[in-house]
Amino acid sequence: MIGTIIGAIIAGLIIGALARLVLPGKQNISVLMTIILGILGSLVGSWLVYQLGYSNSNGGFKIIPFLAGIVLAAIFIVIYERMTGRRGTTHV
């Protein structure tokens with residue numbers, strides 16, 4: 001159980017960074033908030049994928065929950081920016 005939580009936190013760190021990379025423009029949020037939203041995306045994404053019936057019967061890296069975590073973390077970052085009124089800057 002503890003190993004799963006620690007794994008989700010580490011994956012959340014990576015997922016938060018990747019989510020910011022896939023979003024266009026600059027996200028004006030702190031590194032700590034990126035980590036928190038990445039962890040949240042990782043946990044919710046994994047939970048949602050497994051609730052929809054995903055099983056990794058062949059073993060190996062679980063790519064579907066990982067990708068779902070990135071997508072959800074990106075959505076959480078956009079929602080956070082809109083709720084706090086922070087906007088990214090774009091250069092033309």
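## A walk through a three-helix model

Of the 92 residues in this protein, 29% count as buried. What you have open is a predicted model, so start by colouring it by confidence. The mean pLDDT of the protein is 82, and 89% of its residues reach 70 or more. Confidence is lowest in H1, at a mean of 82, and highest in helix H3 (residues 63-84), at 89. One habit to keep while touring: where pLDDT is low, the predicted coordinates should not be read in detail.

**Stop 1: the whole chain.** Switch to a cartoon view. How many helices and strands are there? You should find 3 helices and 0 strands, and from the N terminus on the elements run α-α-α. Now turn on contacts. Among those between residues at least 6 apart in sequence, 68% join residues at least 24 apart. Add a surface next: the protein exposes about 6100 Å², with carbon and sulfur atoms supplying 71% of it.

**Stop 2: the outside of H1.** Select Ile 2, Ile 5, Ile 6, Ile 9, Ile 10, Leu 13 and Ile 14. Together these residues make a nonpolar surface patch of about 610 Å². Pick out Ile 6, which is found in helix H1 (residues 2-22). Ile 6 counts as partly exposed because its relative accessibility is 46%, and that value falls between the cut-offs of 20% for buried and 50% for exposed.

**Stop 3: the core.** Hide the surface and look inside. Which residues have the most contacts inside the largest nonpolar core? Select Ile 15, Ala 19, Ile 29, Leu 37 and Ile 77: they are the ones, in a core of 13 residues. The elements that give two or more residues to this core are H1 and H3, and H3 gives the most, with 8 residues. Zoom in on Ala 19 to see some of this up close. Setting aside residues up to four places away in sequence, Ala 19 touches Ile 70, Ala 73, Ala 74 and Ile 77.

**Stop 4: Glu 81.** Stay with helix H3 and select Glu 81, which lies in it. Is Glu 81 buried or exposed? Glu 81 is buried, because its relative accessible area is 11%, under the 20% cut-off. Now select Gln 27 as well and draw a distance between the two C-alpha atoms. Glu 81 and Gln 27 are 54 residues apart along the chain, yet their C-alpha atoms are separated by 7.7 Å.

**Stop 5: the loop between H2 and H3.** Follow the chain out of helix H2 (31-51) and into the loop before H3, where Phe 61 lies. Phe 61 is exposed because its relative accessible area is 58%, over the 50% cut-off. Leaving aside neighbours within four places in sequence, Phe 61 is in contact with Asn 56 and Phe 66.

Tyr 54 also has its place in the loop between H2 and H3. Which residues is Tyr 54 in contact with, leaving aside its neighbours within four places in sequence? Show Val 49, Lys 62, Ile 63, Ile 64 and Pro 65, and you have the list. To finish, draw one last distance, from Tyr 54 to Ile 64: these two are 10 residues apart along the chain, and their C-alpha atoms are separated by 8.3 Å.

Conventions: Residues are numbered from 1 along each chain as its sequence is written. This is a predicted model: local features need pLDDT of at least 70, side-chain atom pairs count only at pLDDT 80 or more; totals for chains, interfaces and linings use all residues. Side-chain values use heavy atoms; hydrogens and water are left out. Patches are made of residues with over 30% relative accessible area and no salt bridge: like charges are joined within 9 Å, nonpolar side chains (Val, Leu, Ile, Met, Phe, Trp, Tyr) within 5 Å. Accessible areas come from the Shrake-Rupley method with a 1.4 Å probe; for residues, only the protein chains shown count as cover. A salt bridge is a side-chain nitrogen of Lys or Arg within 4 Å of a carboxyl oxygen of Asp or Glu. Helices (H or I, at least four residues) and strands (E, at least two) are DSSP runs, numbered from the N terminus. Buried means under 20% relative accessible area, exposed over 50%, partly exposed in between (1.4 Å probe, protein chains only). pLDDT is the predictor's confidence in each residue, from 0 to 100. A nonpolar core is a set of buried Ala, Val, Leu, Ile, Met, Phe, Trp, Tyr and Cys residues joined through side-chain atoms within 4.5 Å. Contact means heavy atoms within 4.5 Å.
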